[in-house]
Amino acid sequence: MKAQSTIHTVVLAVILIAAAPGAAVASGEVNLYSTRQPDLINPVLAGFTRSTGIKTNIVYVQKGLIERLKAEGANSPADAVLTVDIGELDNLKKAAVLQPVISPILKRSIPAHLTDPQGLWYALTMRARILMASKERVKPGEVATYEDLAKPSMRGRICIRSGKHEYNISLIASVIAHNGLEKAREWLDGVKMNLARKPQGNDRAGAKGIYEGACDVAVANTYYMGLMTTNEKQPEQKAWAAAIRVVFPNQDGRGTHVNVSGAGMTKSAKNTDNARQLLEYLSGDEAQSLYARQNYEYPVKAGVELDPVVRSWGPFKADAIGLADIAKQRSAAARLVDQIGFDHSTPGS
Amino acid sequence: MTPAVPVMNQSTRWRLARLRIDVWWLGAIVIAALVAIPLLTVILLALASNDDIWPHLASTVLPHYIKTTLVLSGSVGFGTFVIGTGTAWLVTLCRFPGRRVFECALLLPMAVPAYIIAYVYTDVLEYAGPVQGLLREAFGWTSSRDYWFPEIRSLGGAVSMMTLVLYPYVYLLARAAFLEQSVCVLEVSRTLGRGPWRSFFTVALPLARPAIVIGTSLVIMETLNDFGTVDFFAVNTFTVGIYDVWLNMNSLSGAAQLASVLLLFVLGLVALERANRRSQRFHHTTSKYRPLPGYRLGAWHAMGAASACLVPILLGFAVPCGVLLKHAIVHFDEASAGEYLAHTFNSLTLSFLAAAVTVVLGLFLAYGSRISGDRLLGGLVRFAAVGYAIPGAVLAVGVLHPLGRFDNFLDSLMRGTFGISTGLLLSGTIIAITVGYVVRFLALSVGTVEASLAKITPSMDDAARTLGIGPGATLRRVHLPIMRASILTAGVLVFVDGMKELPMTLIMRPFNFETLATNVYQLASRELLEQSGLGSLTIVAAGILPVLVISLVIGRSRPGQEGALEVDP
């Protein structure tokens, strides 16, 4: 009997402690689900709290964001979501977990082709998918377009991360959107033949490969160049960046493929006012400058000054196609990668 | 003289006995059903599909996924079996210098998460790492085109990494089994003319079969659901396919379908093994236990044995810890003490909670299954324990859905009846993650407890019954003292696994909640591996202490032993 009542007390205590949720529906807070790493957004969120007094609570959910929102349903404590890649934003929209945000401030700050037509998501920063070319072994102009990656002269010289990674899927989707599925298939097959090694690692691993002489050209997002160039903690990455020339592909044609990070308000939001204020803050000059500089990305608001490293790569022509059109081709892109066995290639095959 | 207390008549006593067993049976069924809900959710998600995924998958990547997965799990299973069983035998039944130390030390690699050892060895063995750097200096090579070096980020690399950190599961269970064996069986085998090697292979090993099989199947399930290592090494297994279909093709039902196939595969393996040994019995028929004979090894054999034990410890524990320690020291001032302590507290609380609940449930299920002998219950328990094989992220979704439904149902009920909104009670709290952990790790506890119960002869239960005590009291007073080591083992296994757990925690955690594992992952995925040294070391350290305690307890658990081996006269 004694043991039983002790157990009961303990269990009750545990339940009470554990069930205390971390987030309140108080008027001075906003709850955020983010797939962006905390150390990237914490400085910006701190700025938000300083300027408005509203506290932010955050869960960094790397995968399964949509599942969690759907399962929690109308009672979900999340007020806003922060995520990366047009595909993810599109998925959030399709899953019907977002509600439109109508705000003249947002409309003024963010270009129309970088927002959802219904106002369900807003892009906050932009990054371009560039070619990194070895300064020593690749002549200027030798590879100027994405299509050049499939040229026979590039045989055995390309490093790239998994074809299934969302950044590459979006790139391939943009190729499909512009050139059509058959041409894209030919192109991707050609790229596969030119790989120096099996697709692996992340974008920075490609830079490392160029530095080590394993390959001559790699594909990466612009912010990695920024991160490597200024990496004090791992100075060897500076050497990698120093060995690389940045190439913005397709400047004479449609422009370089760009992708975005963005945010939206959830349908279940209780702190709608605070969430809207957060989005507006993130689109304002101070946040755009900080947010973009933090990760060496391009701000979406016109007139915001670029980080000096980003500025050093020069201006470029970005692909002006609507992001929603790219999102439509993503599953075709994923199937394409599977069909030609891109990730299973071994060098030379 | 009439007795002061009325004596029960025969039929009442019989009915009471049935009732007691029925309570156990009912309780076990309810628990197993609750645990099975997330798994059923995954299957339901799979069936609800309207995505035409299979033709595409079957014609493109599925064969590759299956082949890679079979090779990976087969190789890791074989490797861990050889290392785990071999070292367990050497350490339990032979005498050679350093045996005492190796006894405990062989368990140490279990504390190292697979993804951490993958990062460490990539760091050490890659082109820019110390090993290749040294080689290039020694031989004057200048670029990667000048020489060949095995690629760590490959299938072979993944096999090695996982074998190194998973063999302790087999070692632990095999050692417990060898310790619990009666020496008499081995001696009988010797008198019948079989030498020590043959006795090992034909008597000791088969007798330890339940434990070894459970250990190896845990290893295989752990290999099947690993994502961090294979993703990092670009090895395309079935689980990689599951994530791919889910995230890149945006088809949760497709992912659930693949996960269900994985489930079926594991269930099939388990059923096969059970059918195979259905008629065999593994409990010891004698209660005579003498101290274990320590076969003294000659000089060469002793050195061989010591090296065989040293190598896994060195590669699986010493090297990773050395590298992590170096990183931790170099980047010490960058770590924030407050955050670090918070992460540690979260990890410890979660793991401890999960371990306690899982062990209790596992005990209940295994024992209930044993005393009722019901095939349905046995099958349901088997099914509930398969959660270990499913990728953590998919299982998380399987837990999220029912919990969310329950919370929303309760909320609308409360709103309808009382007009108050309870909101989300369980989802997004520590309880939700604990539930997830329990469903995930139940296999560890059920498996360990079952293996131990299998060695207790049913005549013990019968004897207890004739002496008038019911099933609950039998468990408490007879079985638990014998099974103490196994129960502690089960708790420790779940605790250590909980400290390392990543994908489920990432998806289900509450606001502002970081564990050591999630923090290490975030740093590593941004190529800031060095900063994660302190966190990684803490995960390992938190795993070591319980592991060592377990080893000591197991060492003393042999019935009739005073904790010392005696030399064979």
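This is a selection-by-selection tour of a predicted model, starting with chain A as a whole.

**Chain A, overall**

Select chain A and show it as a cartoon. Chain A holds 15 helices and ten strands. Its radius of gyration is 23 Å, close to the 20 Å that the globule rule gives for 349 residues, so chain A is as compact as a globular protein of that length. Turn the C-alpha trace along its principal axes. The spans are about 80 × 55 × 40 Å.

Now colour by burial. Buried residues account for 53% of the 349 residues in chain A. Contacts reach far along the sequence, too. Take those between residues at least 6 apart in sequence: 79% of them join residues at least 24 apart.

**Two domains**

Give each domain a colour. Domain 1 of chain A is 25-126 + 258-312, and domain 2 is 129-257 + 316-344. Place a marker at each C-alpha centre. The two centres lie 27 Å apart.

Next, select the contact between them. Here 15 residues of domain 1 of chain A meet 22 residues of domain 2 of chain A. Which elements each supply at least two residues of the domain 1 side? They are helix H4 (86-94), strand S9 (258-266) and helix H13 (308-312) of chain A. By class, that side of domain 1 of chain A has seven nonpolar, four polar and four charged residues.

**Strand S3 of chain A**

Zoom to residues 80-84 of chain A, which form strand S3. Five of the five residues are buried, so strand S3 is largely enclosed by the rest of the structure. Show the side chains. Ala80(A), Leu82(A) and Val84(A) point one way from S3(A). Val81(A) and Thr83(A) point the other way.

Add the neighbouring strands. Strand S1 (residues 29-34) of chain A pairs with S3(A) in the parallel sense, over three bridges. In this part of the view, Tyr33(A) stands opposite Val81(A). S9(A) also pairs with S3(A), in the antiparallel sense and over five bridges. Look for Met265(A) in S9(A): Met265(A) is the bridge partner of Ala80(A).

**The nonpolar core**

Stay with Ala80(A) and bring chain B into view. The largest nonpolar core has 282 residues. Which members touch the most other members? Ala80(A), Ile172(A), Ala207(A) and Leu173(B) do. Helix H7 (residues 155-179) of chain B gives this core its largest share, 18 residues. Both domains of chain A take part, each with at least three residues.

Centre on Ala207(A) next. Leave out residues up to four places away in sequence, and Ala207(A) touches Met132(A), Ala218(A), Ala220(A), Tyr224(A), Met228(A), Trp240(A), Ala241(A) and Ile244(A).

**Chain A against chain B**

Finish at the contact between the chains. Select 43 residues from chain A and 45 residues from chain B. On the chain A side, several elements give two or more residues. They are helix H1 (2-19), strand S2 (55-60), helix H3 (65-72), helix H6 (166-179), helix H8 (203-212) and helix H15 (330-339) of chain A. Which of them gives the most? H15(A) does, with five residues.

Colour the chain A side by class as a last step. It has 14 nonpolar, 16 polar and 13 charged residues.

Definitions and conventions. Residues numbered from 1 in each chain as written. Chains lettered and ligands numbered in written order. Predicted model: local features only at pLDDT ≥ 70, side-chain atom pairs only at ≥ 80, totals over all residues. Domains from an automatic or database assignment. Contact = placed C-beta atoms within 7 Å. Helix = DSSP H or I, 4+ residues; strand = E, 2+ residues; numbered from the N terminus. Nonpolar A, V, L, I, M, F, W, Y, C, P; charged D, E, K, R; others polar. Rg over C-alpha atoms; globule rule 2.2 N^0.38 Å. Buried ≥ 20, exposed ≤ 12 C-beta atoms within 10 Å, placed from the backbone. Core = buried A, V, L, I, M, F, W, Y, C linked by C-beta atoms within 7 Å. Pairing = 2+ DSSP bridges.
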